[in-house]
Amino acid sequence: MPMDRSPSLTGLFRDLVRTAVAAQEVAPSEALECYLVHVLEAFVRPDRADLLDPPLALDFLAADHLPAIQRYDKLKRVGDTALFVTGMFADSLERRAVGASYYAALGRTAFARLSQDHRSAGVGHLFEELYKRFPECVGVLMEVSEQDVFHREQDTVRLYRRWQQTGGRREAALLARRGLVPVAPSSRRH
């Protein structure tokens, strides 16, 4: 896939998402692909405060008691942040008390609520796709985080342990790129 030669951040992230989509062998709608690009763009601003301040769960709970526009903003922040954190920082979450599965559940639920609240507004279908395909979206962002542009080295042992736990295609492919062929342990005992 040829890379966009435009100097824009949008072009860079679009190329990274498309490469990740191809590597993950998923086929998101054009709207979902654009949304993933937007999420990456939104979180690279250097003026952003701590991603998790206030805690996502507090915003999620507060959303119930707010007017529609404010509820939309809170739930969108929860969904977008959970998606970004889970996709881009999965390794860091493994070492925390609150892990990736917590953020994934919170993000999926936020997108499910947005899809219900905005069915008639034209964006409900996008939020529904985000809800239903959240794990795939996380996989795409994880793939993006592995790209050279992020200059991120990953601990091979940690990657292997994650593959043992999940049996994930993505982890197996990353191990293969490092020259390791993951083989499931035999269930027979000698």
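## A tour from helix 7 to the salt bridges

Select helix 7, residues 124-132, where Gly124, Leu126, Phe127, Glu129 and Leu130 are buried (under 20% relative accessible area, with exposed meaning over 50% and partly exposed in between, for a 1.4 Å probe and protein chains only); helices here are DSSP runs of H or I with at least four residues, numbered from the N terminus. This is a predicted model, in which local features need pLDDT of at least 70 and side-chain atom pairs count only at pLDDT 80 or more, while totals for chains, interfaces and linings use all residues. Residues are numbered from 1 along each chain as its sequence is written, and side-chain values use heavy atoms, leaving out hydrogens and water.

Next, add helix 2 (30-42), helix 4 (68-88), helix 6 (100-117) and helix 8 (134-145), against which the buried residues of helix 7 pack.

Then display Val17, Leu40, Leu83 and Leu130, which touch the most other members of the 43-residue largest nonpolar core (buried Ala, Val, Leu, Ile, Met, Phe, Trp, Tyr and Cys residues joined through side-chain atoms within 4.5 Å). Around Val17, leaving aside neighbours within four places in sequence, the contacts (heavy atoms within 4.5 Å) are Glu33, Leu36, Val37, Leu40, Val140 and Val144.

Finally, turn to the 12 salt bridges of the whole structure (a side-chain nitrogen of Lys or Arg within 4 Å of a carboxyl oxygen of Asp or Glu). Select Asp59 and Lys74, whose closest N and O atoms are 3.1 Å apart; Asp59 lies in helix 3 and Lys74 in helix 4, 15 residues apart. Asp59 is buried at 5% relative accessible area, whereas Lys74 is partly exposed at 27%.

Terms used:
Helices (H or I, at least four residues) and strands (E, at least two) are DSSP runs, numbered from the N terminus.
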